[in-house]
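Colleague: I should like a close look at a single helix of this structure, followed by an account of its surroundings. Please explain each term for a first-year student.

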Protein chains: 2
Amino acid sequence: MSRFEFDITARDGAARTGVIKMEKGRIRTPAFMPIGTAATVKAMFPEQVKATGADIILANTYHLMLRPGAERIARLGGLHTFMNWPGPILTDSGGYQVMSLSKLRKISEQGVEFQSHIDGETIMLTPERAIEVQALLGADIIMVFDECTKYPATHGEAKVSMELSMRWAERSRKAFDGFDHAKHSALFGIVQGGVYEDLRIASAEALKKTGFDGYAIGGLAVGEGQAEMFKALDFTVPHLPEDAPRYLMGVGKPADLIGAVRRGIDMFDCVLPTRSGRTGEAFTREGEINLKNARFREDPKPLDDKCGCPACQDYSRAYIHHLVKSKEILGAMLLTWHNLQFYQDLMEGLRAAIVGGHLSDFKGL
Amino acid sequence: MSRFEFDITARDGAARTGVIKMEKGRIRTPAFMPIGTAATVKAMFPEQVKATGADIILANTYHLMLRPGAERIARLGGLHTFMNWPGPILTDSGGYQVMSLSKLRKISEQGVEFQSHIDGETIMLTPERAIEVQALLGADIIMVFDECTKYPATHGEAKVSMELSMRWAERSRKAFDGFDHAKHSALFGIVQGGVYEDLRIASAEALKKTGFDGYAIGGLAVGEGQAEMFKALDFTVPHLPEDAPRYLMGVGKPADLIGAVRRGIDMFDCVLPTRSGRTGEAFTREGEINLKNARFREDPKPLDDKCGCPACQDYSRAYIHHLVKSKEILGAMLLTWHNLQFYQDLMEGLRAAIVGGHLSDFKGL
């Protein structure tokens, strides 16, 4: 079993499809990673997540270090055992959640001091600790600790922030290499630099110099809009190594994924399919629908008649409308399952289009 | 396929085990019916409910007539199709929920006028309408409309209430026989009379005179305590037909079920395993435990090491503690599954003990 290997098997323009091989399993790319924030993909059994076609899930370092704690998960055998997901797991570094969820943050060269959003405890997160936490969790793909640059940010602000992230990336690399767990996992760098081409390029070059198994693009999908995001990919991706996976963090809607794959992105994560499943929304081949809508109250059709998931095979829109209106847990279970199936079907469609050389004709499911 | 047939295959004292045969399937007795109030056993897929060993579920007429409406469910193909449960379904008559959930009730000889707890609409529920609603839902076992006698009640109050219920039972019988659905379903009467022996006997005799497929005992487990409840069974059950199923409504804890089976009860329903699963409680062979308790935070053992359910096979108490503390939906999913498995294992244990002739030695799982 290889620690980390990325084989590109077909290309179509800038897009590529292939497979990442790791000890815990193979990841078909382009890949969509469902979010398992608190060591659970909300409202799903792990077997169901796997059944949708997911090869890898994402878990949140920030949440897990606060509750139940990384050391505790390590003592309980690691995150895979804890949550009953035997396949690959990617953990983010916590940087994004520190900024979006915690209070009273103090950023210094050393790291970020913040107050837990759960119990108010003061906690210091440094590149070294972020890597240690991820190693304790037993993550397969570990992310460097970075500062998520605010949006909008001036060129000057984005530069200062990006350069701090690059120094933290180097420290993350050193910390990672010091752990025995490095023999069984991979480390990804994160390109920052806001919407500024020169900063993105400088960031990519700095990361390449340090050297990582994969390269993420962070700080996008934060409000800049799809056109700006695609522009940032257009000028950033060419500066990333050709033979390493490229991961666009926190993206996105189906059209975002299609556009990003066309620009050479291999991996994605996003709360959209799971979160929207808990608010009554379904992704379908005819667009998004919200099951709260009264027009579905007597609709005997499935959510999406071309979908093979159990929610579509065994239940009507009328029933799911009833569940959502009645705030029944099964409503969230069915919609989450369906939305994850939709996203995995989308990725399968993208992979097939690249293999077939007709990605430019692929407009979605 | 028989409409309704009850074969008793073994006896042990007053207890008996057997099978109810209906068009939609067989029901092994003594049987525990999980509650599917709003056309869903909360936090469970129907296949999972079936996998625990449940042969029949209970759905609530009151909830379904208010939302999404009985006529709507009928137009959508009936409750079995609507909720994807192909097996037998018992529906209560709505009488209990009218008293416990609705507002501004006005009871008359005709029926009960009440305000919906959902939208405040004024609704009249009569024996005829209660049966019609259940027929529209397509229920397999239909319950007569009754007044759930308040507790405590004087002998005089309990008598007036019981006698009204008996007149409603007769009207329910007539209404039921007028529906074509009667050819495919069964009708159960409900014994009332509070804790008063003479009233319970009079009620049982009145129901027998009308004639039903099965006989339920209502108005118990309303605060009288286990000793009073068992006493009521002791003087009521001998007056019920030997060859028809006896159903103790809304009961109960494992020890209640064991004691009631010993007294000749064949069927049960209760929210306890499902509801307590959503508040962190688990039934185990070592008693009830609450997973919120900090003593489980690093406990690597399963909920119950003799249980074969997925919650016990694949997850630790520490993980479920974490899910419950984090208010994760999967916590409710796992605990509900386990608790339903526990209850079905208990029923299987009771059936085996009766077959083996050692029910008096059976103290629980």
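Modeller: In this model, 22 of the 28 residues of α14(A) are buried, so this helix is largely enclosed by the rest of the structure. A residue is called buried if 20 or more other C-beta atoms lie within 10 Å of its own, exposed if 12 or fewer do, and partly exposed in between, with the C-beta atoms placed from the backbone. The model is a predicted one, in which local features need pLDDT of at least 70 and side-chain atom pairs count only at pLDDT 80 or more, while totals for chains, interfaces and linings use all residues. Residues are numbered from 1 along each chain as its sequence is written, and chains are lettered from A and ligands numbered from 1 in the order in which they are written.

From its first C-alpha to its last, α14(A) reaches 40 Å, close to the 40 Å expected at 1.5 Å a residue; the expected span is 1.5 Å times one less than the number of residues. Helices (H or I, at least four residues) and strands (E, at least two) are DSSP runs, numbered from the N terminus. Just after α14(A), Gly357(A) takes a positive phi of about 70 degrees.

The helix also takes part in the meeting of the two chains. There, 29 residues of chain A are in contact with 29 residues of chain B, two residues being in contact if their C-beta atoms, placed from the backbone, lie within 7 Å. On the chain A side, α3 (70–75), α4 (79–83), α13 (317–325) and α14 (329–356) each supply at least two residues. The largest share of that side, 5 residues, comes from α13(A). By class, the side of chain A that touches chain B divides into 15 nonpolar, 5 polar and 9 charged residues. Here Ala, Val, Leu, Ile, Met, Phe, Trp, Tyr, Cys and Pro count as nonpolar, Asp, Glu, Lys and Arg as charged, and the others, Gly among them, as polar.

Within chain A, there is a division into domain 1 (4–270) and domain 2 (280–360), with bounds that come from an automatic or database domain assignment. The C-alpha centres of these two domains of chain A lie 27 Å apart. Their contact takes 25 residues from domain 1 of chain A and 18 residues from domain 2 of chain A. On the domain 1 side, β1 (4–12), β2 (15–22), β4 (31–33), α1 (46–51) and α10 (254–262) of chain A each supply at least two residues. The largest share of this side, 5 residues, comes from α10(A).

Chain B has a helix α14 (residues 329–356) as well, and 22 of the 28 residues of α14(B) are buried, so α14(B) is largely enclosed by the rest of the structure. Just after α14(B), Gly357(B) takes a positive phi of about 70 degrees.

A sheet of chain B may complete the account. In it, 3 strands form an open sheet in the order β7-β8-β9 with antiparallel pairing; two strands pair if DSSP finds at least two bridges between them. The edge strands are β7 (103–107) and β9 (122–125) of chain B, each pairing on one side only. Strand β8 (residues 112–115) of chain B is joined to β9(B) by 4 bridges, and Gln115(B) stands opposite Thr122(B) in β9(B).
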